[in-house]
Amino acid sequence: MKKLNNYFLMALLVSVIGFLGACGSDDDTTPPDDLAQQTQRLAKTWAPGAITFEGAPAEGFDGFVLTFNANGTYTATNGSPVFQGSGSWEFPNSNLNVVELSNGRVLNITQLNDSNLNFDTTVGGTNARTTGTDGDYTFQLNVQ
């Protein structure tokens, strides 16, 4: 009789666990992974709130607009010397706080949410040194 009670309790326990497992959410959608979420936040058109060069307000970015697309491309208007007109971008090695552009420029993200994109980058090279644009830039951008 004791064995019969044990089998009954075991069967009851298995049935309850099976029932609870079947009563999950009817929503078959899963939230996007971190990479998809970060891409979604980045893939917008951004306009400057503030841009600094070596800690002082940067000049030459009048009308600057930067658009990141979810397909890994970007376009920039009036972004020289930091940005060429267009190219591709990626999160290198799945590092979601770094964006690497096709021209080798690295953007170190300090803030990214649905309305703000802040990043630091360094411009260097022969042309940058001769034009006085060699140094550190900080971009504080707002969604347009």
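Contact, throughout these legends, means heavy atoms within 4.5 Å. The model is predicted, so local features need pLDDT of at least 70 and side-chain atom pairs count only at pLDDT 80 or more, while totals for chains, interfaces and linings use all residues. Residues are numbered from 1 along each chain as its sequence is written, and side-chain values use heavy atoms, with hydrogens and water left out.

**View 1. The whole protein chain, with 3 helices and 9 strands.** Helices (H or I, at least four residues) and strands (E, at least two) are DSSP runs, numbered from the N terminus. Along the sequence, these elements follow the pattern α-α-β-β-β-β-β-β-β-β-α-β. Of the 144 residues, 28% count as buried, where buried means under 20% relative accessible area, exposed over 50%, and partly exposed in between (1.4 Å probe, protein chains only). Among contacts between residues at least 6 apart in sequence, 41% join residues at least 24 apart.

**View 2. Strand β9 (residues 135-143) between its pairing partners β1 and β8.** Two strands pair if DSSP finds at least two bridges between them. Strand β1 (residues 45-53) runs antiparallel to β9 over 7 bridges, and in this pairing A50 has Q140 as its bridge partner. Strand β8 (residues 116-123) is likewise antiparallel to β9, joined to it by 8 bridges, with T121 partnered by Y137.

**View 3. The hairpins β6-β7 and β7-β8.** Strands β6 and β7 run antiparallel and are joined by 3 bridges, one of the bridge pairs being V98 with N108 in β7. Their hairpin leaves 4 residues between the strands, and G104 in the turn has a positive phi of about 90°. Strand β7 then pairs with β8 in the antiparallel sense over 4 bridges, where Q111 stands opposite N118, and the hairpin that these two strands form has 3 residues between them.

**View 4. The buried side of helix α2 (residues 34-42).** Which residues of α2 are buried? They are Q38, T39 and L42, and because they cover an arc of only 100° around the axis (taken from the directions from the helix axis to the C-beta atoms), they lie on the same side of α2. These buried residues pack against β1, β3 (65-68), β5 (86-90), β6 (98-101), β7 (106-112) and β8.

**View 5. The largest nonpolar core, with 26 residues.** A nonpolar core is a set of buried Ala, Val, Leu, Ile, Met, Phe, Trp, Tyr and Cys residues joined through side-chain atoms within 4.5 Å. The members that touch the most others are L66, F68, F83, V99, L117 and F139, and two or more residues come from each of β1, β3, β4 (73-77), β6, β7, β8 and β9. Not counting residues up to four places away in sequence, F139 touches A50, I51, F61, F64, V82, F83, L117, N118, F119 and T121.

**View 6. The surroundings of V99 in strand β6.** With 1% relative accessibility, V99 counts as buried. Beyond its neighbours within four places in sequence, V99 is in contact with L42, F68, W89, E90, F91, P92, R105, V106, L107 and I109; of these, W89 is 10 residues away in sequence, with a C-alpha to C-alpha separation of 6.5 Å.

**View 7. The surroundings of T67 in strand β3.** T67 has a relative accessible area of 16% and is therefore buried. A polar contact of 3.0 Å joins its side chain to that of T45; such a contact is a pair of N or O atoms within 3.5 Å, and within protein one must be able to donate a hydrogen and the other to accept it, with residues adjacent in sequence counting only if both atoms are side-chain atoms.
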